[in-house]
Amino acid sequence: MTSSIKNLAIGAACAGMIVAAPAFAQTDPAPRRGIAAGDVLVRVRTILVAPNEKSGSILPAFPGERVGVNDSFMPEVDVTYMATDHIGFELIASTTKHHADGRTGTTGSIGKLASTWVLPPTLTAQYHVNPTGKVRPYVGAGLNYTIFWNEKASDGLVAAVASTDVHMKDSFGWAAQAGVDIDIAPKVFLNLDVKYIDIDTTARLRTTAAGTQRVAISLDPLVFGVGLGIRL
């Protein structure tokens, strides 16, 4: 092959590579941001459950005496399925421990009366305002079923009225939420979330010395969450 033909062949090959380069680049698209129909979002949050409790009297023995319920921190996992680009369905799973305290009178002098674990599975339908954006606010509403488990009388209550059996009635109610997802990588995002959950229960304390006492409690907590999520 002569020198001129060789140079022509090399030049043609280089030109072909230059022309083909954009075509190759188009086969490797940039990572998609945001969310779309069919996506599954998994979030892991740290939550603060802050009851806005309202208590009835402890009846029949302690009319006018009411109880308070403490705040609790705990991890939470939730999964959201995007049915459309804008509509998602979220299921949360977490359990927190709380205790009920006497506020005044005889039960107030005892202080902590009983403790319980609370499991409130909650399903919400969400509307995501800006699904393709880096910052994606959403609002939601749904239903909640709260299970109270491992209820126990406190040592102070047992010391005052002897052996005590504690039972708290499960609760069915509504829930509302608002939050925002903020992308920090193509599939990873920061999440901030707040929920209001309607929870009502009746605590029954079956005591040896004071008989059976009951108190109605509306917990109605605000649940504040912050964590990370991933789009699967």
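# A tour from Pro 60 to the nonpolar patch

Start by selecting Pro 60, which sits in the loop between strand S2 (54-55) and strand S3 (67-69). Helices (H or I, at least four residues) and strands (E, at least two) are DSSP runs, numbered from the N terminus. The model is predicted, so local features need pLDDT of at least 70 and side-chain atom pairs count only at pLDDT 80 or more, whereas totals for chains, interfaces and linings use all residues. Residues are numbered from 1 along each chain as its sequence is written, and side-chain values use heavy atoms, with hydrogens and water left out.

**Stop 1: Pro 60**

Show the backbone between Leu 59 and Pro 60: the peptide bond there is cis, with omega near 10°. Most peptide bonds are trans. Is Pro 60 buried or exposed? Pro 60 is exposed because its relative accessible area is 61%; exposed means over 50%, buried under 20%, and partly exposed in between (1.4 Å probe, protein chains only).

Now add Thr 212 and Gln 213, which Pro 60 touches when residues up to four places away in sequence are not counted. A contact means heavy atoms within 4.5 Å. Then add Val 215, which is 155 residues from Pro 60 in sequence but 9.2 Å away in space, C-alpha to C-alpha.

**Stop 2: strand S14 and its sheet**

Select S14 (212-218) and show its side chains. Gln 213, Val 215 and Ile 217 point to one face and are buried. Thr 212, Arg 214, Ala 216 and Ser 218 point to the other face and are not buried. In a regular strand the side chains alternate between the two faces of the sheet.

Next, show the strands around S14. The open sheet has four strands in the order S2-S14-S13-S10, with antiparallel pairing. S2 and S10 stand at the edges with a single partner strand each, so one side of each has no neighbour in the sheet. Two strands pair if DSSP finds at least two bridges between them. Strands of a sheet pair through backbone hydrogen bonds, either parallel or antiparallel.

How many bridges join S13 to S14? Seven bridges join these antiparallel strands. S2 and S14 also run antiparallel, and two bridges join them. Pick out these residues along S14:

- Ile 217 in S14 stands opposite Thr 201.
- Ser 55 also stands opposite Ile 217 in S14.
- Ala 216 in S14 stands opposite Thr 202.

The hairpin of S13 and S14 has four residues between the strands, and Gly 211 in this hairpin takes a positive phi near 70°.

**Stop 3: two residues with positive phi**

Most residues other than glycine have a negative phi. Select Ala 162, in the loop between helix H3 (155-161) and strand S10 (164-168). Its phi is near 70°, a positive value in a residue other than glycine. Ala 162 counts as partly exposed because its relative accessibility is 31%.

Move to Asp 220, in the loop between strand S14 (212-218) and strand S15 (222-231). The phi of Asp 220 is also positive, near 45°. Asp 220 counts as buried because its relative accessible area is 14%.

**Stop 4: Asp 198**

From Asp 220, go to Asp 198, which touches it. Asp 198 lies in the loop between strand S12 (188-197) and strand S13 (200-207). Leaving out residues up to four places away in sequence, it also touches Asn 144, Ser 171, Gly 173 and Trp 174.

Which side chain of opposite charge is nearest to Asp 198? That side chain is Lys 54, 10 Å away; Asp 198 is buried yet has no salt bridge. A salt bridge is a side-chain nitrogen of Lys or Arg within 4 Å of a carboxyl oxygen of Asp or Glu. Lys and Arg count as positive and Asp and Glu as negative; His and the chain ends are not counted.

**Last view: the whole chain**

Zoom out. The chain has three helices and 15 strands. Of its 232 residues, 39% count as buried. Among contacts with a separation of 6 or more, 69% are between residues 24 or more positions apart.
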